[in-house]
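Work through the exercises below with the sequence and coordinates open. Each task is followed by a stepwise solution.

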Amino acid sequence: MKKFFFVLAVLVGGWPQPSITQAAGPVEIKFANLAPEGSAWANVMTEMDKEVQAASGGRLKFKFYWGGVMGDEPDMIRKLRINQIQAGGFTGLGLGTIVPAIRLLELPAAFTDTTALDQAKEKFLPQFKEEFQKKGFVFLGYADVGPINIFANKPIRSMADMKGAKFWMWEGDPLAQSAFKALQVAPIPLPVPDVLTSLQTNMIDAVYGPPLGVTALQWHTRVKYVMDFRFNYAMGGFIIDKKFYDSLPPDLKKILTETSQKYCLKLVERTRSDNDKALAALKAAGIQVVTVAEKDKTEMEALFKKMWQELVGKLYSQEQLEELKKIVVAGKGV
């Protein structure tokens with residue numbers, strides 16, 4: 001009779017699967033990221049993996065997929081949902097496909113420095129983390145991507161110049177789409193892995209990104225100018241599938257959580273420093289800084305702030321926007 005019920009259980013539910021605590025060998029976290037191997041982001045995560053392995057006695061480790069080998073960020077999110085990977089480092093685009101309101105931290109013209117950005121992060125991240133939990137993910141750490149500049153093959157000094165450029169836009173990014181619409185610019189949407197080839201073939205001649213990212217992705221080899229206007233600060237974060245995270249034994253969960261937070265803070269410090277160094281290096285290598293007229297900067301900021309309101313109900317609530325405005329106004333000393 002016992003044998004009968006065992007066979008019945010196998011037929012209905014399949015062979016019993018060992019839990020992570022029962023599994024032989026170390027637990028492996030498959031982690032994907034667009035950053036190429038050797039970049040600041042990859043180097044910090046590799047350091048983190050070494051500490052995780054040491055702290056866990058080799059029972060927990062990462063397997064990294066760098067440079068977009070798992071596809072663009074929307075592809076990586078899909079692979080997270082079907083357990084092809086268990087974790088990833090994402091920019092606001094990827095994170096925003098899960099919790100749209102996190103794009104508040106990337107609104108154009110919102111932050112002139114990282115002080116106000118850090119205040120907004122402190123205000124909003126607790127509620128965003130709760131939303132990630134509801135959607136089946138654990139937000140393990142915030143990371144900077146960096147200040148966003150426009151790099152191009154011809155000087156862009158005004159809004160009129162922008163309309164004459166062949167701009168890249170990250171495919172599927174609602175925030176970038178709204179920003180270009182506000183500027184009355186018709187961009188060419190492409191996934192990140194296609195940008196370098198598109199610059200090489202002159203399909204596009206203008207891109208945006210942080211100096212460190214533009215350098216790491218080799219885009220700097222195909223551009224000649226950088227605008228002196230910073231549009232926004234791009235953010236990122238480390239998320240992991242909640243079911244996988246919850247299946248870890250308590251000690252491994254503690255090691256992963258504490259080490260992730262430690263190295264995400266380290267990544268913020270390194271990224272902020274390295275972005276400044278990368279911009280200086282680009283200038284030294286011959287990329288020319290283009291000064292944007294003050295009237296154009298003022299006009300762009302006004303258009304972006306109008307855009308903030310248009311995104312209420314699409315990405316975030318009116319209440320969230322009002323809270324952000326308070327931080328922005330205080331940060332600018334108004």
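The three exercises concern a predicted model.

**Exercise 1.** Describe the surroundings and the two ends of helix 7 (residues 174-182).

Solution.
1. Begin with burial: Leu175, Ala176, Ser178, Ala179, Phe180 and Ala182 are the buried residues in helix 7.
2. Find their neighbours: these buried residues pack against strand 6 (168-170), strand 8 (206-209) and helix 12 (294-310).
3. Inspect the start of helix 7, where Asp173 places a side-chain oxygen within 3.0 Å of the backbone nitrogen of Leu175.
4. Look just past the helix: Gln184 has a positive phi of about 60 degrees.

**Exercise 2.** Determine the strand order of the open sheet that contains strand 8, and explain what is left without a neighbour at its edges.

Solution.
1. The sheet has four strands in the order 8-5-9-11, and the pairing is mixed.
2. Strand 8 and strand 11 (288-290) are at the edges with a single partner strand each, so one side of each has no neighbour in the sheet.
3. From one strand to the next, the twist averages 30 degrees.
4. The partner of strand 8 is strand 5 (residues 149-152); the two run antiparallel and are joined by four bridges.
5. Within this pair, Phe151 lies opposite Val207 of strand 8.

**Exercise 3.** Establish whether Asp49 is buried or exposed, and which residues it touches.

Solution.
1. Locate Asp49 in helix 2 (residues 40-55).
2. Asp49 is buried.
3. Check for a charged partner: the nearest side chain of opposite charge is Lys61, 7.9 Å away, and Asp49 has no salt bridge, the cut-off being 4 Å.
4. List the contacts: leaving aside residues up to four places away in sequence, Asp49 touches Lys61, Phe62 and Phe64.

Technical notes
Residues numbered from 1 in each chain as written. Predicted model: local features only at pLDDT ≥ 70, side-chain atom pairs only at ≥ 80, totals over all residues. Heavy atoms only, no water. Buried < 20%, exposed > 50% of the residue type's maximum accessible area, 1.4 Å probe, protein only. Contact = heavy atoms within 4.5 Å. Polar contact = N/O pair within 3.5 Å; in protein donor to acceptor, adjacent residues only side chain to side chain. Pairing = 2+ DSSP bridges. Axes fitted to C-alpha atoms, helices over the stretch in contact; angles between N-to-C directions. Lys, Arg positive; Asp, Glu negative; His and termini not counted.
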